[in-house]
Amino acid sequence: MSADLLLLIFLLTPAAHAMAVGATAHVPVLRDGANIIFAFAYASLAMLLIHWHQNGAQAFVALARPLPTAEFSFAPEPIGLTAAAAFAALAALNAPFAGGFFRAMEDRAPARAQALIALSVGLACAACLSANLFTFLLCYQAMIVASFPLVAHYGGPEIRRAGQVYLGVLLTASVALLLPAMAWTHGFANRLDFVAGGLLAGRIGPIEADVLLTLFAFGLATAGLIPLHLWLPAAMRAPSPAAGLVHCVVVCSTGALGLIKVSLLIFGGAMSQAMIARPALICLALGGSVLASFIALSKDELKPRLAYATIAQVALCTAGAMIATPVALFAASFHIVAHGVGKASLFFTAGAVEALTGRTRASELTGLGRRMPWAFAAFALAALSVSCVPPLAGAWSLLWLSAGAARADMIWVAGLVLASCIASFATLGPLAGKALFGPAPAHPFVRPDAASVLLILPVAVGGALSLGLLFLIDPLSQFLGVRLGP
Amino acid sequence: MVSAQILAGAPYALILAFALLGALIATGSPNLLKRVIGVVMIWIALALFLAASGVLAGAEAPILPRGEGVFGRPFSNPLQQSFARGLLISAAAGVVLALAIIVRIREAYGAIESDEIDEADRADEAEHPR
Amino acid sequence: MSEALFDFVRAHAPVLVVLAPLIAMALASFAPSGRGAWAALVASAAALAGTAILAALTYDGRQSYPLGGWAAPLGIELRIDGLSVYGLVLIGVMGLLGSIGGLGLLRAETDRARQPLAAAAAAAVLTGAAGLLVAGDLFVMFGFLQWIWIALGALTAIGVDHDRRAGPAALNVVVAGAVASALFAFGAAIVFMATGAVDLDQASAVLSAAEDSRAAAAGLAMMIAGLAMAALLAPLHGWAVGAFSRGPAWSAAALGAVLPVAGAIAVGRIVALAASALAPGLQHGVSVGLSLLGAFGAIAASLQALAARDVRRLAVYIAAAQAGCVAVGFAAASAGGVAGALFQLSNLAASALLLFCAAAALTRADSAGAPLVVLDGLGRRAPFLSLAVSVALLTVIGAPMTAGFLSRWSLLQATFEARLWWGAAAIILSSLIAIVYAGRVFERMYLRAPAPDMARPRSAWFAPGLLIAASLIIFFGFDGEAPLRAAEGAAGSLNWGGR
């Protein structure tokens, strides 16, 4: 089997996944079985892709040629591959959790949600592996559209409004800002390929670079840059398995990954031309991050609080992409993985709590850790990891982002990053502490029989991963071709 | 010199003003018949505009004198006049059709005032809400 | 035998495309039954499409056809160049696909006695549209323009039996059409006074040499304004709203995609004349004016589409919004801009065909029109029809993997190049508004339950047109090379160099 074929199979698996879940919709055992098997197969394919890529097999798939100068094509490169593998692995962990959650909640249409989760993750992975900006935009927009029905899953007028906000913000930004940015890029370079060293390097002046970079940064609104972040709180109307994995991890990180790709492969050397936009966007991202943490503190509902925490934490990836030194870009890529694992685990716990106790507020969690120790141990580890607290995985992001900023002569950025991490610790750390060490509630469980292994196992594994990722830094830096250290 | 230019332009200005008046009536009058009259005014102005552009002072109409086969005196440009004729034919077709349509409207609505017709349409809609 | 036929058609193509519908008009008006008249209409549209496709495939430079052997300055010349052959293929194919669908509705909606007349009037509109494309001089263009309005007015008026509101709509077509063609004729007269020429080439040659072309620029601007109405540019599209939403439903299906194409190509021809002959400053003025009109039209019509409560009106507004984008492309007045405009025009034609046909199929028999509620639950009631509507709306949005994406893309490139920023903004804004109204239609079609008393859509006869247009939109979305080359070829056949 050739690498090209493997890539094609990887890209098409989510469609088969969705169809299999749809076909077995009325038989819960078959449905959840198919969902879990396909999700694990997908994750295995992703690992296989990484393995083959390490052995030097360059895969390439071109499916169509919609523009004379741009194909609809996919070509894995290390950063995109890393993100795609992380998404696929988390989706595999999410599949049993979704099964347990929808069973416990006696959901009306679990098959539709599971199929859409698979499709959204698949489209996000396709965006990660795209060979040019056009393909990225296409998969990115398709991902937005595919993840929209998840927001509207529970129905009703209020939720329909949330869905409109979600679709409105994201599609408007991508059509009104990202598309013109792409058209303008095409005007300069006459093609749209992701090129090592930067497609625009040497082709644009300072003003064009400033305007283009701003268009890209706001156009990729799923990265959650502050005035365009409202879609994420709106998306928290989705059921927990979707709100966590799809919206807070996959959709959000795909925007951040897009920025990293734009910075590394579209701008490249031209990043240094954007002398105004770069520092301005870094300040906006990190200042916005602190602001988002404060908003998160004011939210008592757990999911909106996690959403604002996500905005705060993904901003580190945006900052890394704007700093644009190799080490900073590495830190941003690593943060996609570390944040993804941690945030997914947080949502696993939140979902399990919602399913078992019916509690959805932060203030109601006090002492629940004494009744659900495994879940809240995982919650604490994940909360510390996403807030970049040593010695957990997220700490590496903080460290290397600061190092990268220092190499770009932007040492002030390190201070902002630290402030952002402290603020985001404040939103989640005390919450975990209260849950673990507060007085235990008397009769918390409304559905004790629903505590299936499907629901609890992903929580524990997620927490363990937040810890274990600590040791992934060296192989990952080798894979991404970055030399860390002095 | 300047006054001569103005004098030479005066007929065109008058004709254009007449056409503009026609356009206002054609688009603004509530009475459907008057709209058609406005259209007729535009066409007449256009025909005059074309013919005027081909007129030579003191010249003959561009019609071959009977029997001789040549013009004895200068004659006006026939091209504009033939344009004007073609234009009036197509204009007449449109005006006749418009009048026929007005007859049908009167049969259907019993009115040729556009506000009465709109009133009837609104009444219809109120009767059969969408 | 067939080779001789090909040669004959090829040699007489410029006149055949006008004669075919003209003969059909005569045959149809004397036909004994509606079915026979309809057959004549379809046959003439097929002949028009066939001739145009043959001329396009064998195109090797401009082809002039002096009527009766009288050459250009004195006689009347018909011409086929890259621009007109592009438009002829479009109106031929769209007229054919649309009129095939008309039979069922023609018989259901129109009195037996009037069916032949209705088909004859439709053939007459087709004649006018084809003539407008091949006319070689300004006064012949005027003649065909006026012809179109009269024929369309007559056709719309036939709808009075079914829905009396067709009467005022028909009168509006005739009156507003007369004002527009008179505006065109005034412009032509001014150009004639300035140059002494009505032939397009001759006028261009004289103007290029003239020192002062201000009067001619005013004339050209008036001509563009007159044609903008046929090209469906908002705010001059009111006639189409009445004619296509209150006239016979099938007439919109047959002609809704034809008229904007003919009008837009005629606009393009006058813009080309301005670009090749006027002084740069004046030419720029014409460009800016047209681009502002187009930008306004694209946004205004999109907003109207947002407020539309009737499927047929929605279709008209959507077509008008795209026509605005086409005008912006023409205003760029470069080979790239015109190619983008032409590609967008074919996209307009295909989506208008889909939407008008779907609207006609959904129009209720009880003269209540096609309120939006007929779309409710269409996804389950008529999956194929709703799929066709979805494809049309996606291409209107400019979604990737539809032809609309490529056309918006090339338009954006051209507006960037020509620095028409407001044009680019209007194109993007109209796309964004399209997402909203298309989203509402999607919601109705796929998420709502149908109202209890819904009749079955009458879509059987429309099926071939819907199928072909929708698959072309999707196919060209995946591989846009062929239509883009065609549009570039058509744009390149004119002189955009300026003087």
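Here are a few short exercises on this predicted model, each with a worked solution.

Ground rules: residues count from 1 along each chain as its sequence is written, while chains are lettered from A and ligands numbered from 1 in the order in which they are written. Local features need pLDDT of at least 70, side-chain atom pairs count only at pLDDT 80 or more, and totals for chains, interfaces and linings use all residues.

**Exercise 1.** Work out how confident the predictor is in chain A, and where confidence is lowest and highest.

Step one: pLDDT is the predictor's confidence in each residue, from 0 to 100. Chain A averages 87, with 98% of the residues scoring at least 70.
Step two: go helix by helix (helices are DSSP runs of H or I, at least four residues; strands are runs of E, at least two; both are numbered from the N terminus). The low end is helix H18 of chain A (residues 473–479), with a mean of 80, and the high end is helix H4 of chain A (residues 110–128), at 92.

**Exercise 2.** Describe how H3(C) packs on H19(C).

Step one: get the geometry. Helix H3 of chain C (residues 82–109) and H19(C) have axes 7 Å apart, at an angle of about 150°. Axes here are lines fitted to C-alpha atoms over the stretch in contact, and angles run from 0 to 180 degrees between N-to-C directions.
Step two: classify it. The cut-offs are under 35 degrees for roughly parallel, over 145 for roughly antiparallel, 65 to 115 for roughly perpendicular, and oblique for the rest. So H3(C) is roughly antiparallel to H19(C).
Step three: list who meets whom, with contact meaning C-beta atoms, placed from the backbone, within 7 Å. From H3(C) come C:Leu97, C:Gly98, C:Ile100 and C:Gly101; from H19(C), C:Pro464, C:Gly465, C:Ile468 and C:Ala469.
Step four: sort them. Ala, Val, Leu, Ile, Met, Phe, Trp, Tyr, Cys and Pro count as nonpolar, Asp, Glu, Lys and Arg as charged, and the others, Gly among them, as polar. That gives 5 nonpolar, 3 polar and no charged.

**Exercise 3.** Profile the sides of chain C that touch chain A and chain B.

Step one: for chain A, 20 residues of chain C meet 18 residues of chain A. H17(C) brings the largest share of the chain C side, 7 residues. By class, that side has 13 nonpolar, 4 polar and 3 charged residues.
Step two: for chain B, 27 residues of chain C touch 32 of chain B. H6(C) gives the most to this side of chain C, with 13 residues. The classes come out as 20 nonpolar, 4 polar and 3 charged.

Note on methods: Contact = placed C-beta atoms within 7 Å.
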